Amino acid sequence: MNTLLANTLEMRGFLVKPIDNYIYFSQGNKLEDFSQLERLLASLDLKFTLDGNKLFILEDEILTTILNQILWYPARNHESDSGAGWYGWKYFIKRNHGPKIKTFVLETGVALLVKAISAAGIVTDVSCDGHGRRAPRIFFCGKQNAAWFKLIFENKFSDTSFHYEWYLKNTESISIALTAKSKDGRWDLEKVLEDTLLMARSILKEANKQSKMKKEIFGGNYKTTRKIVKEMDFEELYKWMKHRYDAYHSKISY
């Protein structure tokens, strides 16, 4: 039962793991989420104990209808405005991880993917799952975050089969977003969720590794590279990043 609930909470955007008789919440979750989660579980008449980052469920069984209410619990407000420096090159190369994001401000269809992207040291500021009526979108903080995500995405998912075609939109502007195309123009939110979960779980497995690699590739004299990056458009930046990415992997392969 803990596994079923943990899986549901993960799909809703929480970073969790079932352990023995409880569900463990990693430090990637915001403390503010726990009080809202407590209210949600209490409103569903579940018997539970939340002790720090450990959730104990005192039930023998949880109905599927309750699991679905948790999974599709609606976002209560949008993500907060970008923090100071989130769009900056220094923030990009110095931070191990992006900012922690409240789970319940994220819509279910993209929640875990937004959390995974941040865990890998890539910063976003606004997202929408499309509500099953239009394309989902996750907006990046600056071209460097978008270009680095594109590089990671192409290396991890070039042979992956998704329900939708995922790509970066508006790369010539400051509002670059990860979005998707539907072949027939129709959207199924459950299929969107399946796609984003596939991406999120894969990214989370190597989030620390990816973040460390980013710092090793681009760290150093950030003032010099900052000037270079500022003068590049998106495609130039992507090619520059790819060159350094390939050189890094060529070096460590020997």
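# Two antiparallel sheets and a pocket

One open sheet in this chain has 4 strands in the order β5-β6-β8-β7, with antiparallel pairing. Its edge strands, each pairing on one side only, are β5 (124-128) and β7 (165-169). On average, and with direction ignored, neighbouring strands of this sheet are turned by 25 degrees against each other. Helix α6 (residues 143-157) packs on the sheet and touches β6 (137-140), β7 and β8. The direction of α6 makes about 155 degrees with that of β7. Strand β7 is joined to strand β8 (residues 177-181) by 5 bridges, and the two run antiparallel. Within this pair, Lys169 has Ala177 in β8 as its bridge partner.

The model is predicted. Its protein chain contains 10 helices and 8 strands. The radius of gyration is 19 Å, close to the 18 Å that the globule rule gives for 254 residues, so the chain is as compact as a globular protein of that length. The C-alpha trace spans about 55 × 40 × 40 Å along its principal axes.

Another open sheet of 4 strands has the order β1-β2-β4-β3, again with antiparallel pairing. Here β1 and β3 (48-51) are the edge strands, and each pairs on one side only. Neighbouring strands of this sheet are turned by 20 degrees against each other on average, direction ignored. Helix α2 (residues 32-43) packs on this sheet, where it touches β2 (22-25), β3 and β4. The direction of α2 makes about 175 degrees with that of β3.

The strand pairs of this sheet are set out below, each with a residue and its partner.

| Strand pair | Bridges | Sense | Facing residues |
|---|---|---|---|
| β1 and β2 | 4 bridges | antiparallel | Ile19 and Tyr22 |
| β2 and β4 | 2 bridges | antiparallel | Tyr24 and Lys54 |
| β3 and β4 | 4 bridges | antiparallel | Thr49 and Phe56 |

Strands β1 and β2 form a hairpin with 2 residues between the strands. In this hairpin, Asp20 takes a positive phi near 50 degrees. Ile19 of the same hairpin stands opposite Tyr22 in β2. Strand β2 is also joined to β4 by 2 bridges, and in that pairing Tyr24 stands opposite Lys54. At the other edge of the sheet, β3 pairs with strand β4 (residues 54-57) in the antiparallel sense over 4 bridges, and Thr49 has Phe56 in β4 as its bridge partner.

The largest pocket holds about 460 Å³ of space. It is lined by 22 residues, of which Leu15, Ser26, Gly28, Ala119 and Leu204 are the closest to its centre. Several secondary structure elements contribute to the lining: β1 (16-19), α5 (111-119), α7 (189-205) and α8 (207-218) each supply at least two residues. By residue class, the lining divides into 9 nonpolar, 7 polar and 6 charged residues. Strand β1 thus appears in two settings, as an edge strand of the sheet β1-β2-β4-β3 and as a supplier of at least two residues to the lining of the largest pocket.

Notes
Residues are numbered from 1 along each chain as its sequence is written. This is a predicted model: local features need pLDDT of at least 70, side-chain atom pairs count only at pLDDT 80 or more; totals for chains, interfaces and linings use all residues. Side-chain values use heavy atoms; hydrogens and water are left out. On a 1 Å grid over the protein atoms alone, a cavity is a set of points where a 1.4 Å probe fits but cannot get out, and a pocket is an open set with protein on both sides within 12 Å along at least five of seven lines; lining residues have an atom within 4 Å of a point. Grid points are joined across faces, edges and corners, and a volume is the space filled by probe spheres set on the points. Ala, Val, Leu, Ile, Met, Phe, Trp, Tyr, Cys and Pro count as nonpolar, Asp, Glu, Lys and Arg as charged, and the others, Gly among them, as polar. Two strands pair if DSSP finds at least two bridges between them. Axes are lines fitted to C-alpha atoms, for helices over the stretch in contact, and angles run from 0 to 180 degrees between N-to-C directions. Contact means heavy atoms within 4.5 Å. The radius of gyration is taken over C-alpha atoms; the globule rule is 2.2 Å times the number of residues to the power 0.38.
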